[in-house]
Amino acid sequence: MQSLSLFKIHETFSTEAKAEAWFHQTRWSEKPIFPCCRGKQITALKNRKTMPYRCRDCGKLFSIRTGTQMENQDFP
């Protein structure tokens, strides 16, 4: 894994939207997959900012952070 300078990190993730897009591409590459049941039938929920996805296989809500070290972190 290539190391990044603080400048490069700031440049790459200068907005929350850019950071989320990078994590989305890195984690799922195409479509979200629910990490708990590995469900692939996912509905995007536009009115749910903190949990914007629902797994249609098990019915649970999740986000890009679900199942990661960032899952239980509170970010402003």
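## Contacts of phenylalanine 62

Leaving aside neighbours within four places in sequence, phenylalanine 62 is in contact with Trp28, Pro32, Ile33, Phe34, Pro35, Ile42, Met51, Pro52, Tyr53, Arg54 and Cys55. The model described here is predicted.

Phe62 also belongs to the largest nonpolar core, which has eight residues. The other members are Trp28, Ile33, Phe34, Ile42, Tyr53, Cys55 and Ile64. In soluble globular proteins, nonpolar side chains tend to be buried together.

## Serine 63

Serine 63 is located in the segment after strand 3 (61–62). With a relative accessibility of 9%, serine 63 counts as buried, because buried means under 20%.

Residues up to four places away in sequence are not counted among the contacts of serine 63, which touches Arg27, Trp28, Thr50, Met51, Pro52 and Tyr53.

## Cysteines and disulfides

The count of disulfides is zero. A disulfide requires two cysteine sulfur atoms within 2.5 Å. The sulfur of cysteine 37 has its closest cysteine sulfur in cysteine 55, at 3.6 Å, and so is too far away for a bond. For cysteine 36, the closest cysteine sulfur is in cysteine 58, at 7.3 Å, which is also too far for a bond.

Cysteine 36 counts as exposed, at 58% relative accessibility, whereas cysteine 37 counts as partly exposed, at 35%.

## A nonpolar surface patch

Leu4, Leu6 and Ile9 make a nonpolar patch of about 300 Å² on the surface. Leucine 4 lies in the segment before helix 1 (6–12). The relative accessible area of leucine 4 is 46%, so this residue is partly exposed.

Key: Residues are numbered from 1 along each chain as its sequence is written. This is a predicted model: local features need pLDDT of at least 70, side-chain atom pairs count only at pLDDT 80 or more; totals for chains, interfaces and linings use all residues. Side-chain values use heavy atoms; hydrogens and water are left out. Patches are made of residues with over 30% relative accessible area and no salt bridge: like charges are joined within 9 Å, nonpolar side chains (Val, Leu, Ile, Met, Phe, Trp, Tyr) within 5 Å. Accessible areas come from the Shrake-Rupley method with a 1.4 Å probe; for residues, only the protein chains shown count as cover. A salt bridge is a side-chain nitrogen of Lys or Arg within 4 Å of a carboxyl oxygen of Asp or Glu. Helices (H or I, at least four residues) and strands (E, at least two) are DSSP runs, numbered from the N terminus. Buried means under 20% relative accessible area, exposed over 50%, partly exposed in between (1.4 Å probe, protein chains only). Contact means heavy atoms within 4.5 Å. A nonpolar core is a set of buried Ala, Val, Leu, Ile, Met, Phe, Trp, Tyr and Cys residues joined through side-chain atoms within 4.5 Å.
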